[in-house]
Amino acid sequence: MEIVEAIVTDATTLAVLFIEAVVLAVITGATLLATGRMLGLAAVPGSARMERSRRIWLDYARWLVAGLTLQIGADILESSIAPTWHAIAQLGAIALIRTFLNYFLERDIREVSELADRHRAAE
């Protein structure tokens, strides 16, 4: 039984590390892309710059939501092998914070998208 438990624990640890590596790549790539796109706005005139800037930040927020969602999955896996109640409580607190961040990011994305749609419809 201990062998099976060790195999499951090792597999879960590897899965968590893999997911965290994916999250690192997603958020780093999105940050670099958003930064590059924002730097490219220097030559864009005022009103067009504002619209493009909004689009860049919305795209970036979507990538952050994706990263947070994946990270929550890693937290759930990690909590399944947490050795102590203290470790489970820490993971639970981290997952709760990430869930709230995810919720508010998604809400902001939706509100800004709706506002942009109304603005475009009014033009």
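Seven residues' worth of names make a good way in: Thr-12, Val-16, Ile-19, Val-23, Val-26, Ala-30 and Ala-34 of helix α1 are buried. Part of what covers them is helix α2, residues 46-80. Keep in mind that this is a predicted model.

**Helix α1**
- Helix α1 runs through residues 2-39, which makes 38 residues.
- From its first C-alpha to its last, α1 reaches 55 Å, close to the 56 Å expected at 1.5 Å a residue.

**A link between helices**
- There are 7 salt bridges in the structure, and one of them pairs Arg-98 with Asp-75, with the closest N and O atoms 2.5 Å apart.
- Arg-98 sits in helix α3 (residues 85-122) and Asp-75 in helix α2, so this pair ties together parts that are 23 residues apart in sequence.
- Asp-75 is buried, at just 4% relative accessible area.

**A pair within helix α2**
- Asp-59 and Arg-62 also form a salt bridge, and their closest N and O atoms are 3.5 Å apart.
- The two are separated by about one helical turn, because they are 3 residues apart in helix α2.
- Both ends are partly exposed: Asp-59 has 23% relative accessibility, and Arg-62 has 36%.

**Next-door partners and a network**
- Arg-107 pairs up with Asp-108 in another salt bridge, where the closest N and O atoms are 3.9 Å apart.
- Arg-107 is partly exposed at 28% relative accessibility, and Asp-108 is partly exposed at 35%.
- Elsewhere, salt bridges with shared partners join Arg-37, Arg-55, Asp-59 and Arg-62 into one network.

Terms used
Residues numbered from 1 in each chain as written. Predicted model: local features only at pLDDT ≥ 70, side-chain atom pairs only at ≥ 80, totals over all residues. Heavy atoms only, no water. Helix = DSSP H or I, 4+ residues; strand = E, 2+ residues; numbered from the N terminus. Expected span 1.5 Å × (residues − 1). Buried < 20%, exposed > 50% of the residue type's maximum accessible area, 1.4 Å probe, protein only. Contact = heavy atoms within 4.5 Å. Salt bridge = Lys/Arg side-chain N within 4 Å of Asp/Glu carboxyl O.
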